[in-house]
Amino acid sequence: MKFGIGTAQIKQKYGILKKKINTRDLKKAFKKFNRNVDLIDTAPSYGFAEKFIGKHCNKKYKIVTKLNKIKSKKINKIIDEISSNLDRSLKNLKVKKIYCLMLHSEEDIKIFKNKKIKLFFESIKKKKIVNKIGISIYNCSKLDDYLKIYSFDVVQIPLNIFSIRNKLIKYLKKLKKVYKFELQIRSIFFQGIIFQSYKNI
């Protein structure tokens, strides 16, 4: 098990507590690579986070970025939109390749029902522009259905001491055994609430 750094707080006052990250501390963390904390999670929707990473990040980190919700309807237009968004992210991050490209919106899973879309994602993996294709979800109960549509390399879900259940762990273990995906957990501190005093909560 390893840890990653999320960058949603770079954008603005984030989450329930509306707290903003200290970018001075983040610069120090990004420059000094830590093998136990080897991944940075970001997205174009996180304001200037990608550009911040591109400017300050040690290139040894594995970068995960996410696609904005897809607006196009026609297949060729969808591919053009994804290509354009990916190119922009690579430019902002100042890298030629990334560890993982994720769907940020669960609703976009439907595009993977098209063979041409699947081939496109496989092609950017073959070209080594991205190492893995992933999906970030909220509803874990639908994960089995999503993996039947496309065998994602990485699945990202929210999980913390308030939401963890034996039934969920068994379900995830079963799916991991079948589909062999990498599981990433986000919101482990419940947007910082876990560290707050009882009075603040």
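How do the residues of the lining of the second largest pocket divide into nonpolar, polar and charged, and how many are there of each? In this predicted model, the lining comprises nine nonpolar, two polar and five charged residues. The pocket itself, the second largest, has a volume of about 240 Å³. Its lining is made up of 16 residues, and those nearest the centre of the pocket are Lys97, Ile98, Tyr99, Lys128 and Asn131. Strand S3 (62–67), strand S4 (98–103) and strand S5 (130–136) are the elements that each give two or more residues to this lining.

Of these elements, S3 was examined further. Five of the six residues of S3 are buried, that is, under 20% relative accessible area, so the strand is largely enclosed by the rest of the structure. On one side of the pairing, S3 is joined to strand S2 (residues 37–41) by three bridges, and the two strands run parallel. Within this pair, lysine 62 of S3 is the bridge partner of leucine 39. The connection from S2 to S3 passes through helix H2 (residues 49–56), forming a right-handed β-α-β crossover.

S3 also pairs with S4, again in parallel, through four bridges. Here leucine 67 stands opposite leucine 103 of S4. Between S3 and S4 the chain passes through helix H3 (residues 75–93), and this β-α-β crossover is likewise right-handed. S3 is thus bridged to S2 and to S4, and both S3 and S4 contribute to the lining of the second largest pocket.

Note on methods: Residues numbered from 1 in each chain as written. Predicted model: local features only at pLDDT ≥ 70, side-chain atom pairs only at ≥ 80, totals over all residues. Heavy atoms only, no water. 1 Å grid on protein atoms, 1.4 Å probe; cavity = no way out; pocket = protein on both sides within 12 Å on 5 of 7 lines; lining within 4 Å. Points joined across faces, edges and corners; volume = space filled by probe spheres on them. Nonpolar A, V, L, I, M, F, W, Y, C, P; charged D, E, K, R; others polar. Buried < 20%, exposed > 50% of the residue type's maximum accessible area, 1.4 Å probe, protein only. Pairing = 2+ DSSP bridges. Right-handed = clockwise from strand over helix to strand, strands pointing away.
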